[in-house]
Amino acid sequence: MTDFNIVRQYNFPTTIRFGAGVIKELPEHLVSQGLKRPLLVTDPLVAGLEFFKAIVAGLGAKGLPAEVFSDIHKNPVKSDVEKGGAAYKGTDRDCIIGIGGGAAMDVARAIALRIHHHRDLFDYDDLIGGDQYVTEEVPYFITVPTTSGTGSEVGRSAIISEDDTHRKRILFSPKLLAKIVYADPLLTMDLPAFVTAATGMDALTHNLEAYIAKMWHPMCEGIALQGVSLITRSIVAATHKPDLESRSNMMIASLMGAVAFQKGLGVVHSLAHPLSSLLDTHHGLANAVNLPYGMRFNVAGSEDKFRQIARTMELRDESGEGVVEQLFALNKELGLPVRLRDVGLKQEHIETLADLAFADFCHPNNPKPVSREDFKKLYMEAL
């Protein structure tokens, strides 16, 4: 059994400091790098929590006065990034620390890009070749995850939406990798059950979609299967009876999912993204509800991979349908809905959602093609 009270370090390629209480190392690390004025980027909820206040106090005690920027949406938009960039420059900061879940990480990373890159923010959209314009250095960037879902702490991209259309854009560059990650499972111990469940199913979606994505990348597939195994063993306990082992396993699996999905994602994320854009649905929840339906769509043609997933999940029924039924059962056990009507979807939304899903950037990596009509049918099935 792994002792999660011991702090460990590994590089993949980001330096990751992992273990209970590792966040206490943050002030000394800043001092060692000659940094003195951090901008802490987080969301409004985290900004009010005791552990966050303790982080700020710990920095202050080392003579590192922190500026906190938390004026962000749960599904981040361009104006969040512009305001954060103004806060960085207006208060003369010298480094950026993203603390929180995916929204905080995305905004923090986009602010890091924004500081020395002055074109329109969406000129850097990777989907239109914008990474070619990421030519300057970025401020020293650190990430501190407080949920186990997106894995954005080890990512090199930020998903930011347009303020008016809510179309999602991807800002990408290897320069946006964090210099160091402080992954402390103790920071997740007090998460509400819903947040733990929804973010955990987000991590499971990353690992499952990465494993079956059509791109050939055997290293990512091995990582994804191990992530599926850890989540299967830990997510229920982490949600209903959290302890250090279950929370640590979920944090590791979240990191693994983010590494694995450089192989690609698929139909589930393309179903989920429009729900966040149109209905402001929590991303993890949107993935959780759509996951069984999207996986069922993918079984035909990928039977061998679903058999391996079933074995990894230790299911008696080693078929694709066995995996799908387990995903429905898991949502129910976690107290999450299994129908989109329970997250606010109405019949009149479906045409718009199908358009948005078909335009999404994830499904081209799905193991089988997905048409607009397929998206419409999937939304109808899940309604």
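**Reading the charges, the fold and single residues**

Q: How many side chains of each charge does the protein carry, and how far apart do the centres of the two sets lie?
A: In this predicted model, the protein has 39 positive and 47 negative side chains, and the centres of the two sets lie 1 Å apart. Lys and Arg count as positive, and Asp and Glu as negative.

Q: What are the helices and strands of the protein, in number, and why can the protein be called as compact as a globular protein of its length?
A: The protein has 14 helices and nine strands. Its radius of gyration is 20 Å, and the globule rule gives 21 Å for 383 residues; the two values are close, so the protein is as compact as a globular protein of that length. Along the principal axes, the C-alpha atoms fill a box of roughly 60 × 50 × 35 Å.

Q: How much of the protein is buried, and how much area does the protein expose?
A: Of the 383 residues, 58% are buried, a word that here stands for a relative accessible area under 20%. The protein exposes about 15300 Å², and carbon and sulfur atoms supply 53% of that area.

Q: What share of the contacts with a separation of 6 or more comes from residues 24 or more positions apart?
A: Among the contacts with a separation of 6 or more, 76% are between residues 24 or more positions apart.

Q: Which residues of the largest nonpolar core touch the most other members?
A: The largest nonpolar core holds 102 residues, and Ile96, Met201, Leu204 and Met295 touch the most other members. Leaving out residues up to four places away in sequence, the contacts of Ile96 include Leu39, Val41, Tyr88, Ala108, Pro139 and Phe141. There is also a second, separate core of 20 residues, which includes Leu30, Val46, Cys95 and Leu187.

Q: Why is Asn287 called buried?
A: The relative accessible area of Asn287 is 0%, and buried means under 20%, so Asn287 meets the definition. Asn287 sits in helix α10, which covers residues 283-298, and, neighbours within four places in sequence aside, Asn287 is in contact with Asp202, Thr205, Val268, His269 and Ala272.

Q: How do you know that Thr146 counts as buried?
A: Thr146 has 3% relative accessibility, and the limit for a buried residue is under 20%, so Thr146 counts as buried. Thr146 belongs to the loop between β6 (140-145) and β7 (157-161). Not counting residues up to four places away in sequence, Thr146 touches Val46, Phe51, Ile99, Gly100, Gly101, Leu187, Thr188 and Leu191. Val46 and Leu187 are also named in the second core.

Q: Why does Val22 count as buried, and where does Val22 lie?
A: Val22 has 1% relative accessibility, and buried means under 20%, so Val22 counts as buried. Val22 lies in the loop between β2 (15-18) and α1 (26-32), and, setting aside neighbours within four places in sequence, Val22 is in contact with Val7, Arg17, Tyr182, Ala183 and Asp184. Val22 and Tyr140 are 118 residues apart in sequence and 19 Å apart in space, C-alpha to C-alpha.

Q: What makes Lys53 partly exposed?
A: Lys53 has 42% relative accessibility, and partly exposed residues fall between the 20% limit for buried and the 50% limit for exposed, so Lys53 counts as partly exposed. Lys53 is in helix α3 (residues 50-61), and Lys53 touches Ala47 and Gly48 when residues up to four places away in sequence are not counted. The C-alpha atoms of Lys53 and Gly151 are separated by 23 Å, with their places 98 residues apart along the chain.

Q: Why is Ser79 called partly exposed?
A: The relative accessible area of Ser79 is 27%, a value in between 20% and 50%, so Ser79 is partly exposed. Ser79 is found in helix α4, and the C-alpha atoms of Ser79 and Arg372, 293 residues apart along the chain, are separated by 31 Å.

Q: What is the phi of Asp92, and why does Asp92 count as partly exposed?
A: Phi of Asp92 is near 55°, a positive value in a residue other than glycine. Asp92 has 47% relative accessibility, in between the limits of 20% and 50%, so Asp92 counts as partly exposed. Asp92 is placed in the loop between α4 (78-90) and β5 (95-100).

Q: What is the phi of Asp280, and how do you know that Asp280 is partly exposed?
A: Phi of Asp280 is near 60°, a positive value in a residue other than glycine. The relative accessible area of Asp280 is 38%, which is in between 20% and 50%, so Asp280 is partly exposed. Asp280 is found in the loop between α9 (267-279) and α10.

How values were computed:
Residues are numbered from 1 along each chain as its sequence is written. This is a predicted model: local features need pLDDT of at least 70, side-chain atom pairs count only at pLDDT 80 or more; totals for chains, interfaces and linings use all residues. Side-chain values use heavy atoms; hydrogens and water are left out. Helices (H or I, at least four residues) and strands (E, at least two) are DSSP runs, numbered from the N terminus. The radius of gyration is taken over C-alpha atoms; the globule rule is 2.2 Å times the number of residues to the power 0.38. Buried means under 20% relative accessible area, exposed over 50%, partly exposed in between (1.4 Å probe, protein chains only). Contact means heavy atoms within 4.5 Å. Accessible areas come from the Shrake-Rupley method with a 1.4 Å probe; for residues, only the protein chains shown count as cover. The place of a charge is taken as NZ of Lys, CZ of Arg, CG of Asp or CD of Glu. A nonpolar core is a set of buried Ala, Val, Leu, Ile, Met, Phe, Trp, Tyr and Cys residues joined through side-chain atoms within 4.5 Å.
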